[in-house]
Amino acid sequence: MENRIKVRRYEEKDRARVEEICHITDRNNLPIPLLLSLYCHNYILLEGENCFVATDESDRAVGYILSTLDTAAWREKFISFLSSSSEEIRRKGIESVEGYFAFYPEYPAHLHIDIDPSYQRMGIGKALMDALVSHLRKNKVPGLMLGVDPENEKGVSFYRKYGFSPLSQDGVWWGLKL
């Protein structure tokens, strides 16, 4: 990773840039801007202390890692946001995201990570993951999980290299023992 990239805890000033990166990288999975904002910021609203950003030389976020140690609360809050959200969400046929969530008690930390595509080859993913894993180990968290599209070969390859193992038969859920 180049020296100009730094990893630090998420701060409120990062919100706009985190949303922008979320829109760039996740629009195929969650195509509604409001839904993307709610999805990403549920982590921050619930447990901002478990969220990190990678920044460039001007301290602008170029990647982030959002994590919660209370997956059930995160899911409940996100679903309540959905149920009270705009007609646009319902028109798109997204009334429920129940199937998106999985629970593996031995992997209580739930993770979402995104990197601006123009920075993806700079080791940012590893630096962010290292910061989060160190933080979770200090807090004696036994494991973390994430969902990834099995067709995302780069994502799957990264998680496998980092030490994650598949948790589900469909290859969506991956876990890392800490």
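This is a short walk through the structure, stop by stop, with something to select at each one.

**Before you start**

You are looking at a predicted model, in which local features need pLDDT of at least 70 and side-chain atom pairs count only at pLDDT 80 or more, while totals for chains, interfaces and linings use all residues. Residues are numbered from 1 along each chain as its sequence is written, and side-chain values use heavy atoms, with hydrogens and water left out.

**Stop 1: the sheet**

Switch to cartoon view and find the open sheet of seven strands, ordered β1-β2-β3-β4-β5-β7-β6 with mixed pairing. Strands and helices here are DSSP runs numbered from the N terminus (E, at least two residues, for strands; H or I, at least four, for helices). Two strands pair if DSSP finds at least two bridges between them. Colour β1 (6–9) and β6 (165–166) to mark the edge strands, each of which pairs on one side only.

**Stop 2: β3 and its partners**

Select residues 61–68, which make up β3, together with 109–115, which make up β4. These two strands run antiparallel and are joined by six bridges. Two facing positions to label are G63, whose bridge partner in β4 is I115, and I65, which stands opposite I113.

On the other pairing, β2 and β3 are antiparallel over four bridges, with T55 opposite A61. They form a hairpin with five residues between the strands, and D59 in that turn has a positive phi of about 65 degrees.

How many of the residues of β3 are buried? Eight of its eight are, where buried means under 20% relative accessible area, exposed over 50%, and partly exposed in between (1.4 Å probe, protein chains only).

**Stop 3: the helix on the sheet**

Now add residues 124–138, helix α5, which packs on the sheet and touches β1, β2, β3, β4, β5 and β7. Contact means heavy atoms within 4.5 Å. The direction of α5 makes about 155 degrees with that of β4; axes are lines fitted to C-alpha atoms, for helices over the stretch in contact, and angles run from 0 to 180 degrees between N-to-C directions.

**Stop 4: the nonpolar cores**

Show side chains next. A nonpolar core is a set of buried Ala, Val, Leu, Ile, Met, Phe, Trp, Tyr and Cys residues joined through side-chain atoms within 4.5 Å. The largest one has 27 residues, and I65, L111, I124, L128, M129, L144 and F164 touch the most other members. Which element gives the most to this core? It is α5, with six residues.

Centre the view on L111: leaving out residues up to four places away in sequence, its contacts include Y43, I65, M129, L144 and F164. A second, separate core of 15 residues includes C22, Y39, I44 and L66.

**Stop 5: the far side of the sheet**

Move to β7 (173–177). Four of its five residues are buried, so β7 is largely enclosed by the rest of the structure. β5 and β7 pair antiparallel over five bridges, with G143 opposite K177. K177 also lies over the face of Y107, at 4.8 Å from the ring centre; a charge counts as over a ring if NZ of Lys or CZ of Arg is within 6 Å of the ring centre and within 35 degrees of the ring normal.

β6 and β7 are antiparallel too, over two bridges, and P166 stands opposite W174. In their hairpin, with six residues between the strands, G171 takes a positive phi near 75 degrees.

Select G147, which belongs to β5. Is it buried or partly exposed? G147 counts as partly exposed because its relative accessibility is 27%. Beyond its neighbours within four places in sequence, G147 is in contact with V172 and W173.

**Stop 6: a cluster of rings**

Finish with F158, Y159, Y162 and F164, linked into a cluster by ring pairs. Rings of Phe, Tyr and Trp (its six-membered ring) pair if their centres lie within 6.5 Å, with planes under 30 degrees apart counted as stacked, over 60 as edge-to-face and the rest as tilted. F158 and Y159 are edge-to-face, 5.4 Å centre to centre with 70 degrees between the planes. The rings of F158 and Y162 have centres 6.1 Å apart and planes at 35 degrees, so that pair is tilted. Both F158 and Y162 lie in helix α6 (residues 153–162), four residues apart, about one turn of the helix.
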